[in-house]
Amino acid sequence: MRLILVGPPGAGKGTQAAYLVEKYGIPQLSTGDMLRAAVAAQTPIGLKAKEVMDAGGLVSDEIVVGIIRDRAAEDDARNGFILDGFPRTLAQAEALDEMLAESGQKLDAVIELRVDHGKLVERILKRADEAKAAGLPVRKDDDPEVFKQRLEAFNRDTAVIVPYYEKKGLLSVVDGMQPIGDVTGSIESVLQGLDEKV
Ligand code: AMP
């Protein structure tokens, strides 16, 4: 199964992806996680990406497409993957189409976690507080001001991929404001519907 989770930062993509990894035994390909690892390891990509990420902007399409291309070619992704945080621009979505076509693969579904943007800021503040309380480092880009930039980047550059996939008949919308378990249940219903269509 090849699946994309779309939604603004803080919508719960990472949380839901972790659950899907367990259930379906396919990896989560999170460009955000991979970029953070590159920053921590101070690789050439990490050094280039750090400033943009800290400011809540988008890393270049070329870099993230390259990262996904390499990661998707690894053995564990052969039977499928869950894309989390990619694609984030129309150019990335088109590059993904090309990449899949080259390897004779196709997407099964795109699930949009639809959330109230006003409530997202509350959610992100909570995430930062919880991390602090647990003695974990708080992500720099969860700072409320930076978070607003990330939300703007979503509205400006990423929101267009929703109609892109809708036109292809791949989009399902899930209410991301429900409790976490209910969001999971809604995603499961969508995926079950896919099984029945096959
Ligand atoms: P995330 O953890 O998905 O919210 O990503 C954290 C940050 O990494 C984003 O705010 C961007 O700066 C960068 N990033 C992650 N994925 C992408 C992508 N597909 N395209 C461009 N930048 C990205």
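For the class count below, I take Ala, Val, Leu, Ile, Met, Phe, Trp, Tyr, Cys and Pro as nonpolar, Asp, Glu, Lys and Arg as charged, and the others, Gly among them, as polar.

**Entry 1: the ligand shell**

I am working from a predicted model. I looked up the residues around the ligand and found 16 of them. The closest are T31, R36, G57, G85 and R150. Sorted by class, the shell holds six nonpolar, five polar and five charged residues. I then asked which element gives the most to this shell. It is helix 2, residues 31-40, with four residues.

**Entry 2: polar atoms at the ligand**

I went through distances from ligand nitrogen atoms to polar protein atoms. For G85 the partner is a polar backbone atom, 2.9 Å from a nitrogen of the ligand. For R88 the partner is a polar side-chain atom, and the distance to a ligand nitrogen is 3.0 Å. Q92 also uses its side chain: an N or O atom there is 3.0 Å from a nitrogen atom of the ligand. On its own, the ligand has 480 Å² of accessible area, and the protein covers 96% of that. I also checked where the ligand sits among the pockets, and the space it takes is the largest pocket.

**Entry 3: E112**

I placed E112 in strand 4, which runs over residues 109-114. Is E112 buried or exposed? E112 has a relative accessible area of 10%, so it is buried, the cut-off being under 20%. I noted one side-chain partner for E112: its side chain makes a polar contact with the side chain of R114, at 3.0 Å.

**Entry 4: Q149**

Next I looked up Q149, which lies in helix 7, residues 144-158. Its relative accessible area is 38%, so Q149 counts as partly exposed; that class lies between the 20% and 50% limits. I also took the separation of Q149 from L29. The two are 120 residues apart in sequence, and their C-alpha atoms are 23 Å apart in space.

**Entry 5: A17**

My last look-up was A17, in helix 1, residues 13-24. Why does A17 count as buried? Because its relative accessibility is 0%, and buried means under 20%. For a distance I chose I4, 13 residues from A17 along the chain. The C-alpha atoms of A17 and I4 are separated by 9.5 Å.

How values were computed: Residues are numbered from 1 along each chain as its sequence is written. This is a predicted model: local features need pLDDT of at least 70, side-chain atom pairs count only at pLDDT 80 or more; totals for chains, interfaces and linings use all residues. Side-chain values use heavy atoms; hydrogens and water are left out. A residue is near a molecule or strand if one of its heavy atoms lies within 4 Å of it. A polar contact is a pair of N or O atoms within 3.5 Å; within protein, one must be able to donate a hydrogen and the other to accept it, and residues adjacent in sequence count only if both atoms are side-chain atoms. Accessible areas come from the Shrake-Rupley method with a 1.4 Å probe; for residues, only the protein chains shown count as cover. On a 1 Å grid over the protein atoms alone, a cavity is a set of points where a 1.4 Å probe fits but cannot get out, and a pocket is an open set with protein on both sides within 12 Å along at least five of seven lines; lining residues have an atom within 4 Å of a point. A molecule sits in a cavity or pocket if more than half of its atoms lie within 2 Å of its grid points. Helices (H or I, at least four residues) and strands (E, at least two) are DSSP runs, numbered from the N terminus. Buried means under 20% relative accessible area, exposed over 50%, partly exposed in between (1.4 Å probe, protein chains only).
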